[in-house]
Amino acid sequence: MSSWDIDPAGVRGVVNRTVEEAKKFEGEAKTYATAIENAAASCGSGIVAKALADFAAHHKDAFKFLAERSSKVIIAGVEATQAYIQGDLEMAARAQRNAASTTQRPK
C-alpha cells in the first residue's frame, strides 16, 4: 500500500495556526473602525469627516468578506482532508477484501 500523500497531523497544525490568526480579524476590524472614527472626529473638517465615513462604509463589506472567506477555507480544508482519509480507508478495506477472497478460493 502506498504512503499518505496528506499528513493529517500536519493539516491539523496548519488549521489550528490559521484559526488563531483568523481570530485576530475581529480585533483588527474594531481597531480600524476606532481609528476612522477618531480621525473623523479630530480632523476639524466636515468634508474630510464625511469622506472618512464614506470610505469606511465602502470598505465595511471587505472586512466581513475576509472573515467569512477565511472560515469557509478552513472548513473546506478540514472536510477535504477528512474525505481523503475516508477514501484511503475505503481503498484499504477493498484491497483487504480482494486479497482475502483470492486466498479463500478452493483449489
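**Entry 1: Tyr32**

I began with the surface of a single aromatic residue in this predicted model. Tyr32 has a relative accessibility of 23% and therefore counts as partly exposed, since that class lies between the limits of 20% for buried and 50% for exposed. I then looked up Phe63, which is also partly exposed, at a relative accessible area of 30%.

**Entry 2: the aromatic pair**

I next asked how many aromatic pairs the rule gives. The count is 1 aromatic pair. I found that it joins Tyr32 and Phe63, whose ring centres are 4.7 Å apart. Their planes stand at 45 degrees, so I recorded the pair as tilted; the class applies because this angle is neither under 30 degrees, as for stacked rings, nor over 60, as for edge-to-face ones.

I also placed the two residues along the chain. Tyr32 belongs to helix H2 (residues 24-42) and Phe63 to helix H3 (residues 46-103), so the pair ties together parts separated by 31 residues in sequence.

**Entry 3: H2 against H3**

I turned to the two helices that carry this pair. The axes of H2 and H3 are 10 Å apart, and the helices pack at an angle of about 180 degrees. I therefore noted H2 and H3 as roughly antiparallel to each other, the limit for that term being over 145 degrees.

I listed the residues that make the contact. From H2 they are Phe25, Ala29, Tyr32, Ile36, Ala39 and Ala40, and from H3 they are Ala49, Leu52, Phe55, Ala56, His59, Phe63, Leu66, Ala67 and Ser70. By class, I recorded 13 nonpolar residues, 2 polar ones and no charged ones in the contact of H2 with H3.

**Entry 4: the loop and the end of H2**

I looked up Ser45, which sits in the loop between H2 and H3. Ser45 is partly exposed, with 25% relative accessible area. I found that its side chain reaches the backbone nitrogen of Val48 at a distance of 3.3 Å.

Is Ala41 buried or exposed? This residue of helix H2 counts as exposed, at 69% relative accessibility. I also took its distance to Asp54, which is 13 residues away along the chain: their C-alpha atoms are separated by 14 Å.

**Entry 5: H1 against H3**

I then examined helix H1 (residues 8-22), whose axis comes within 10 Å of the axis of H3. The axes cross at roughly 170 degrees, which makes H1 roughly antiparallel to H3.

Which residues make this contact? I noted Pro8, Val11, Val15, Thr18, Val19 and Ala22 of H1, together with Ser70, Ile74, Val78, Thr81 and Ile85 of H3. They divide into 8 nonpolar, 3 polar and no charged residues.

**Entry 6: Ser70**

Ser70 of helix H3 appears in the contact with H1 and in the contact with H2, and I examined it separately. Its relative accessible area is 17%, and Ser70 is buried. Leaving out residues up to four places away in sequence, I found that Ser70 touches Ala22 and Phe25. A polar atom of the Ser70 side chain lies 2.8 Å from the backbone oxygen of Leu66.

**Entry 7: Thr81**

My last residue was Thr81, also in helix H3. Is Thr81 buried or exposed? Thr81 is buried, with a relative accessible area of 10%. Apart from neighbours within four places in sequence, I found Thr81 in contact with Ile6, Pro8 and Val11. Thr81 and Ile6 are 75 residues apart in sequence, and I recorded a C-alpha to C-alpha distance of 7.6 Å between them.

Notes: Residues numbered from 1 in each chain as written. Predicted model: local features only at pLDDT ≥ 70, side-chain atom pairs only at ≥ 80, totals over all residues. Heavy atoms only, no water. Phe/Tyr/Trp six-rings, centres within 6.5 Å; stacked < 30°, edge-to-face > 60°. Helix = DSSP H or I, 4+ residues; strand = E, 2+ residues; numbered from the N terminus. Buried < 20%, exposed > 50% of the residue type's maximum accessible area, 1.4 Å probe, protein only. Axes fitted to C-alpha atoms, helices over the stretch in contact; angles between N-to-C directions. Parallel < 35°, antiparallel > 145°, perpendicular 65-115°, else oblique. Contact = heavy atoms within 4.5 Å. Nonpolar A, V, L, I, M, F, W, Y, C, P; charged D, E, K, R; others polar. Polar contact = N/O pair within 3.5 Å; in protein donor to acceptor, adjacent residues only side chain to side chain.
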